[in-house]
Amino acid sequence: MDKHIVYVDHAATTYVKPEVFEAMKPYFTEYFGNPSSIYSLGRESKKAIENARGVIAECLGAQPSEIYFTGSGTEADNWAIKGVAYANRKKGKHLITSAIEHHAVLHAFDYLKKEGFEVTYLPVDERGFVNPKDLAEAIRPDTTLVSIMMANNEIGTIQPIKELAAIAKEKGVIFHTDAVQAMGNLDVKVNDLNVDLLSMSAHKFYGPKGVGALYVRKGVRIDSFVHGGAQERNKRAGTENVPGIVGMAAALKLAYENLEEYNKHLRKLSNKLIDSVMERIPYVRLNGDRENRLPGNVNFSFQFIEGESLLLMLDMKGIQASSGSACTSGSLDPSHVLLAIGLPHEIAHGSLRITFGEDNTEEQVDYIVDNLVEIVERLRQMSPLYEDFVKKGQKA
Ligand code: PLP
């Protein structure tokens with residue numbers, strides 16, 4: 001990466017760590033056999049997949065037979081939701097999720113609604129938390145699945161998953177969590193959380209793109225999603241992405257080994273950014289919870305600012321950040337997450353998400369803050385809303 005670029009969009013994606021890339025390389029060139037082939041080259045690939053499955057299971061505190069590889073976090077989410085909904089539809093067709101899920105989850109539920117399922121969307125409070133009481137009240141005798149994300153990709157809020165899963169389990173309802181943003185940042189253990197299904201995606205924790213995994217607790221009824229060959233114990237067809245799977249396991253192992261140090265580093269940068277911006281820029285709010293958030297996530301709303309202009313001007317200074325979810329950028333609708341936490345449209349529009357990673361430094365935070373102070377001031381000077389506000393004696 002150009003050394004003048006300050007990349008602070010790690011929630012969108014991360015680079016592949018050199019050690020991870022090295023681990024993957026032989027499976028592109030030397031050990032390229034099809035894992036379904038019975039000769040030795042095929043068996044090498046198969047061995048690599050099973051080794052990776054074991055590594056990932058160990059990180060999660062799961063059994064290797066409970067880990068299934070997929071082509072992305074999106075596929076893992078879709079499979080969990082549609083697969084459980086269909087497999088259990090004789091029991092009932094009521095499903096529960098939250099208003100602030102990633103589109104990989106929300107759009108899977110949209111699809112199921114068209115198929116005759118009923119979906120309840122739990123609201124969140126002003127910091128983005130689901131209230132466990134709301135979940136308890138929403139569960140009905142015909143509810144079969146609850147899907148609530150572990151950590152939000154826009155505002156970083158970490159849900160009380162253990163408590164939420166306990167409520168669902170007590171009532172015999174299957175619990176899925178989208179842990180795509182949590183993995184690599186938090187010490188996720190499936191038995192401690194007591195979740196039945198959990199989705200992850202390698203490119204969020206310094207692994208390759210296009211490979212994910214779904215944890216499925218033994219005994220959970222789930223239909224297949226991709227039909228074809230007998231791969232993944234007949235549950236997910238398609239020749240496996242061997243280098244990708246090897247890379248995901250290598251990246252996750254490194255992440256779990258360095259979790260504490262990585263968290264400390266990210267927290268230091270986030271706290272410095274939050275404190276400096278709140279001190280130097282007026283009319284700004286921090287979205288999400290100050291404490292219970294992903295360590296590298298900072299999400300601000302600047303009043304009287306248009307988020308897209310802010311991003312473009314930051315980009316001209318080499319700062320690569322986001323206005324929210326990478327998947328929705330390009331759309332002018334304000335983020336559904338920011339609206340769900342109660343922000344009015346005009347404030348939701350002026351949002352900026354900065355997500356730190358291992359290579360970011362305190363000097364880069366200073367550089368970001370200095371530029372933000374200048375750009376926000378410049379954009380406000382061009383804003384008719386700000387002019388009105390100033391004329392009215394700043395009472396708006
Ligand atoms: N879920 C969450 C919370 C995400 O942040 C993302 C990606 O941004 C996804 C799911 C989708 O993962 P993938 O990019 O692997 O399809």
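Hi everyone. Let me begin with a definition: the expected span of a helix is 1.5 Å times one less than its number of residues. Keep that in mind for helix α11, and remember as we go that this is a predicted model.

So, α11. This helix covers residues 259–280, which is 22 residues. From the first C-alpha to the last, α11 reaches 31 Å, close to the expected 32 Å.

Which residues of α11 are buried? There are leucines at Leu-259, Leu-266, Leu-269 and Leu-273, together with Ile-274 and Val-277. Tyr-262, Asn-263, Ser-270 and Ser-276 are buried as well. And what covers them? The cover includes two helices, α10 (242–257) and α15 (362–381), along with the strands β9 (284–286), β10 (297–302) and β12 (351–355).

Now let's zoom out to the domains. The protein is divided into domain 1, residues 18–257, and domain 2, residues 259–392. Their centres, taken over C-alpha atoms, are 29 Å apart. Domain 1 puts 30 residues into the contact, and domain 2 puts in 27.

Last stop: a helix pair. Helix α4, residues 73–87, packs against helix α5, residues 103–114, at an angle of about 30°. Their axes are 9 Å apart, and the crossing is right-handed. On the α4 side, the contact involves Thr-74, Asp-77, Asn-78, Ile-81, Lys-82, Ala-85 and Tyr-86. Facing them from α5 are Ala-104, Val-105, Ala-108, Phe-109, Tyr-111 and Leu-112. By type, the residues of this contact divide into 9 nonpolar, 2 polar and 2 charged.

That's my tour, thanks for listening!

Notes. Residues are numbered from 1 along each chain as its sequence is written. This is a predicted model: local features need pLDDT of at least 70, side-chain atom pairs count only at pLDDT 80 or more; totals for chains, interfaces and linings use all residues. Side-chain values use heavy atoms; hydrogens and water are left out. Axes are lines fitted to C-alpha atoms, for helices over the stretch in contact, and angles run from 0 to 180 degrees between N-to-C directions. Helices (H or I, at least four residues) and strands (E, at least two) are DSSP runs, numbered from the N terminus. A crossing is left-handed if the near helix is turned anticlockwise from the far one by less than a right angle, and right-handed if clockwise. Contact means heavy atoms within 4.5 Å. Ala, Val, Leu, Ile, Met, Phe, Trp, Tyr, Cys and Pro count as nonpolar, Asp, Glu, Lys and Arg as charged, and the others, Gly among them, as polar. Buried means under 20% relative accessible area, exposed over 50%, partly exposed in between (1.4 Å probe, protein chains only). Domain bounds come from an automatic or database domain assignment.
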